[in-house]
Amino acid sequence: MIAAERSPGNQRLYRRHMLRRISLVLAAKRLGVSLADVAAILATLPAGKPPSQHDWHRVSRMWKGELEARRRYIGNLERQLTGCIGCGCLSMRSCGMRNPGDRLRHQGQGPVRLDEKCEQDSTGLT
């Protein structure tokens, strides 16, 4: 993901565009983006020279959709945290009313109501 040169004293020296990559990795880490995802995006940038403005715009567009999806997921979590999130536990009263008999199980395991695509399933549950 990043490359350094070595000084005569064996210290790592990073070019300015590599420092930008490091900052991007740190920002992604704070957002919970996996290193594999960061590496995949950084692999699309030229390694031996500074990326152009066009390169950075392209990369930012790639990340924008991912970040918007994360923002929607967090918003759904905030709104539904005290109610049914579609996890299948059926332990809360609202789960029995909003997801009777765990009808959401066919959409997968975990909190399926938090995924935007699962906010309203085909049975009309909301």
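**Exercise 1. Work out how Asp-102 sits in this predicted model: is its side chain buried or exposed, and which side chain of opposite charge is nearest?**

*Solution.* Start with burial. Asp-102 has 15% relative accessibility, so it counts as buried (buried is under 20% relative accessible area, exposed over 50%, partly exposed in between, with a 1.4 Å probe and protein chains only).

Next, look for a partner. Arg-105 is the nearest side chain of opposite charge, 5.1 Å away, and Asp-102 has no salt bridge. A salt bridge needs a side-chain nitrogen of Lys or Arg within 4 Å of a carboxyl oxygen of Asp or Glu. For charge, Lys and Arg count as positive and Asp and Glu as negative, while His and the chain ends are not counted.

Now place the residue. Asp-102 lies in the segment after α4 (93-98); helices are DSSP runs of H or I with at least four residues, strands are runs of E with at least two, and both are numbered from the N terminus. Setting aside neighbours within four places in sequence, Asp-102 touches Gly-88 and Leu-90, where contact means heavy atoms within 4.5 Å.

Last, check the backbone: phi of Asp-102 is near 55°, a positive value in a residue other than glycine.

A word on ground rules: this is a predicted model, where local features need pLDDT of at least 70 and side-chain atom pairs count only at pLDDT 80 or more, while totals for chains, interfaces and linings use all residues. Residues are numbered from 1 along each chain as its sequence is written, and side-chain values use heavy atoms, leaving out hydrogens and water.

**Exercise 2. Find how many salt bridges the whole structure has, and look at where some of them sit.**

*Solution.* The search turns up four salt bridges. Take Glu-5 and Arg-15, whose closest N and O atoms are 3.0 Å apart. That pair links distant parts of the chain, with Glu-5 in strand β1 and Arg-15 in the loop between β2 and α1, 10 residues apart.

Then move to helix α3. Arg-58 pairs with Asp-55 at 3.3 Å; they are three residues apart in the helix, so about one helical turn separates them. Asp-55 is buried at 14%, whereas Arg-58 is partly exposed at 23%.

Arg-70 and Glu-66 also meet in a salt bridge, 2.8 Å from N to O. These two are four residues apart in α3, again about one helical turn.

**Exercise 3. Say which residues make up the largest nonpolar core and which helices supply at least two of them.**

*Solution.* The core has 11 residues: Leu-24, Val-25, Ala-28, Val-33, Val-38, Ile-41, Leu-42, Leu-45, Trp-56, Val-59 and Trp-63. (A nonpolar core is a set of buried Ala, Val, Leu, Ile, Met, Phe, Trp, Tyr and Cys residues joined through side-chain atoms within 4.5 Å.) α1 (16-30), α2 (35-42) and α3 (53-80) each supply at least two. For a close-up, pick Leu-45: beyond its sequence neighbours within four places, its contacts include Trp-56 and Val-59.

**Exercise 4. Describe the overall layout: what pattern does the protein follow along the sequence?**

*Solution.* There are four helices and two strands, in the pattern β-β-α-α-α-α. The radius of gyration is 21 Å, well over the 14 Å that the globule rule gives for 126 residues, so the protein is more spread out than a compact globule. (The radius is taken over C-alpha atoms, and the rule is 2.2 Å times the number of residues to the power 0.38.) Finally, the C-alpha atoms fill a box of roughly 70 × 30 × 20 Å along the principal axes.
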